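Colleague: Before I rely on the labels attached to this model, I would like to hear the reasoning behind them.

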Amino acid sequence: MPQADTPVVRNVDARHRYEILVGEVRAGFTAYRDRDERRVFFHTEIDDAFAGQGLASVLVREALTEVRQSGRRIVPVCPYVAKFLKKHEEFADITDPVTPEILQWLETTLAR
């Protein structure tokens with residue numbers, strides 16, 4: 001059983017995002033859309049009340065680990081996810097480049 005203040009990451013598939021909870025409070029999320037076997041991450045946000053605690057790193061690491069376990073690949077449109085991947089090369093083998101085609105697809109998908 002995790003401690004009350006141990007952050008917990010969960011995939012909220014219906015909302016296309018991973019959320020990080022501290023106790024019962026949602027401290028932040030990283031949003032994605034799926035395209036074929038790729039999970040395209042496009043936005044990560046940590047609530048100001050939880051800033052500076054390293055939660056974004058915990059959130060993104062857990063999310064990317066789950067993507068690996070699901071057999072998908074990562075496309076880091078989100079600047080934070082892209083920065084995280086530069087420091088954490090253990091995910092390089094499942095990371096695909098951000099292409100104009102992906103950006104166009106994402107824009108169309110999010111506009112729906």
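The exchange below takes up the sheet, the helices that pack on it, and some individual residues.

Modeller: Please keep in mind throughout that this is a predicted model.

Colleague: What makes β1 and β5 edge strands of the sheet?

Modeller: The five strands follow the order β1-β2-β3-β4-β5 in an open sheet with mixed pairing. Within it, β1 (8-12) and β5 (73-76) each have a single partner strand, so one side of each is left without a neighbour in the sheet. Neighbouring strands are turned against each other by 30 degrees on average, with direction ignored.

Colleague: How do you know that β3 and β4 are paired?

Modeller: Pairing requires at least two bridges between two strands, and eight bridges join β3 (residues 25-35) to β4 (residues 38-46), so the two strands count as paired, and they run antiparallel. Arg35 stands opposite Arg38 in β4.

Colleague: Which helices lie against the sheet, and which strands do they touch?

Modeller: Helix α1 (residues 55-69) lies across β1, β2 (17-22), β3, β4 and β5, and runs at about 165 degrees to β4. Helix α3 (residues 100-111) also packs on the sheet, where it touches β3, β4 and β5, and its direction makes about 115 degrees with that of β3.

Colleague: Why is Asp36 called exposed, whereas His16 is called partly exposed?

Modeller: The label "exposed" needs over 50% relative accessible area, "buried" needs under 20%, and "partly exposed" covers what is in between. Asp36 has 62% relative accessibility and therefore counts as exposed, while His16, at 30%, falls in between and therefore counts as partly exposed. His16 is found in the loop between β1 and β2, and Asp36 lies in the loop between β3 and β4. Although it is not a glycine, His16 has a positive phi of about 55 degrees; for Asp36, likewise not a glycine, phi is positive at about 55 degrees.

Colleague: How do you know that the buried residues of α2 are on the same side of the helix?

Modeller: In helix α2 (residues 79-87) the buried residues are Val81, Ala82, Phe84 and Leu85. They cover an arc of only 160 degrees around the axis, which puts them on the same side of α2. The face turned away from that buried side carries the exposed residues Pro79, Lys86 and Lys87.

Colleague: What covers the buried residues of α2?

Modeller: The cover includes β3, β4, α1 and β5.

Conventions:
Residues are numbered from 1 along each chain as its sequence is written. This is a predicted model: local features need pLDDT of at least 70, side-chain atom pairs count only at pLDDT 80 or more; totals for chains, interfaces and linings use all residues. Side-chain values use heavy atoms; hydrogens and water are left out. Helices (H or I, at least four residues) and strands (E, at least two) are DSSP runs, numbered from the N terminus. Axes are lines fitted to C-alpha atoms, for helices over the stretch in contact, and angles run from 0 to 180 degrees between N-to-C directions. Contact means heavy atoms within 4.5 Å. Buried means under 20% relative accessible area, exposed over 50%, partly exposed in between (1.4 Å probe, protein chains only). The arc is that of the directions from the helix axis to the C-beta atoms.
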